[in-house]
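Got the viewer open? Here is a short walk through this model, one selection at a time.

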Amino acid sequence: METHKKIGFVRKERAGELQIALQNDLFDTFEPEFLFIEADGIPVPCFIKTQRDKGEDICCTFYDIPSERALQAFVGGQVYIELTEKQAKEYQQDSNDISGFTVKDTKGKVVGTITDIDTTTSNTLLLLDNGMLLPFHEDLLVSIDTNAQVLTMQIPEGL
């Protein structure tokens, strides 16, 4: 069985290539031949022709996208790679991934479940299943229970 794992989003298109903001190291870990990129909410398989690193981003050209105008449809879209179930499990074990952990506040109230981690900016953000974004910083972290998969955090006022 195959699974799609989000690796980032398309930041912009320029001169026939897409600049993809990476949110984890899956792209480097598995070196995919193709990516799934959302266009109008539909994941479209795109075979990689060339790639180059650009800081925390990568820039790619694709065999099957005929024009710069067609590339514009992908800007802002989420980017996924396809992993086998075994690869997904290996990556989760290797990365100490906290996706799927429940986040609680210091009073024990459940805030949400972590669905993704955004590291594209200098401030790491936890994306929760309820749409909430939480800053992830060691000063806000109270405890981690890996067995129960619970993260207890001091939630800033107003969030």
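**Stop one: the cysteines**

There are 0 disulfides in this structure, which is a predicted model. As a reminder, a disulfide is a covalent bond that links the sulfur atoms of two cysteines.

Select C59 to see a cysteine without such a bond: the nearest cysteine sulfur belongs to C60 and is 7.4 Å away. A pair counts as a disulfide only within 2.5 Å. Now click on C60, which is in no disulfide either, with the sulfur of C59 as its nearest cysteine sulfur at 7.4 Å.

Are these two buried or exposed? C59 is buried, at a relative accessible area of 2%. C60 counts as buried too, with a relative accessibility of 0%.

**Stop two: strand β5**

Widen the selection to residues 57–62, and you have strand β5. This strand is mostly covered, with 6 of its 6 residues buried.

Turn on the side chains here. In a regular strand, side chains alternate between the two faces of the sheet. In β5, D57, C59 and T61 point one way, while I58, C60 and F62 point the other way. Buried residues turn up on both sides, since all of these are buried.

**Stop three: the partners of β5**

Which strands are joined to β5? Add residues 17–22 to bring in strand β2, which runs antiparallel to β5 and is joined to it by 4 bridges. Look for A21, which stands opposite D57 in β5.

Next, add residues 42–54 for strand β4, also antiparallel to β5, with 6 bridges between them. Pick D53 here and you'll find its bridge partner in β5, I58.

Then follow the chain from β4 into β5. The two form a hairpin with 2 residues between the strands, and G55 takes a positive phi near 70 degrees there.

**Stop four: a sheet of 6 strands**

Now move along to an open sheet whose strands are ordered β10-β9-β8-β7-β12-β11, with mixed pairing. Select residues 133–135 for β10 and 141–145 for β11: these strands stand at the edges. Each has a single partner strand, so one side of each is left without a neighbour in the sheet. Turn the view to look across the strands; the twist averages 35 degrees from one strand to the next.

For a last selection, take β7 (residues 102–104) and β8 (residues 110–118), an antiparallel pair joined by 3 bridges. Click on V103, and its bridge partner in β8 is G112.

Definitions and conventions
Residues are numbered from 1 along each chain as its sequence is written. This is a predicted model: local features need pLDDT of at least 70, side-chain atom pairs count only at pLDDT 80 or more; totals for chains, interfaces and linings use all residues. Side-chain values use heavy atoms; hydrogens and water are left out. Two strands pair if DSSP finds at least two bridges between them. Axes are lines fitted to C-alpha atoms, for helices over the stretch in contact, and angles run from 0 to 180 degrees between N-to-C directions. Buried means under 20% relative accessible area, exposed over 50%, partly exposed in between (1.4 Å probe, protein chains only).
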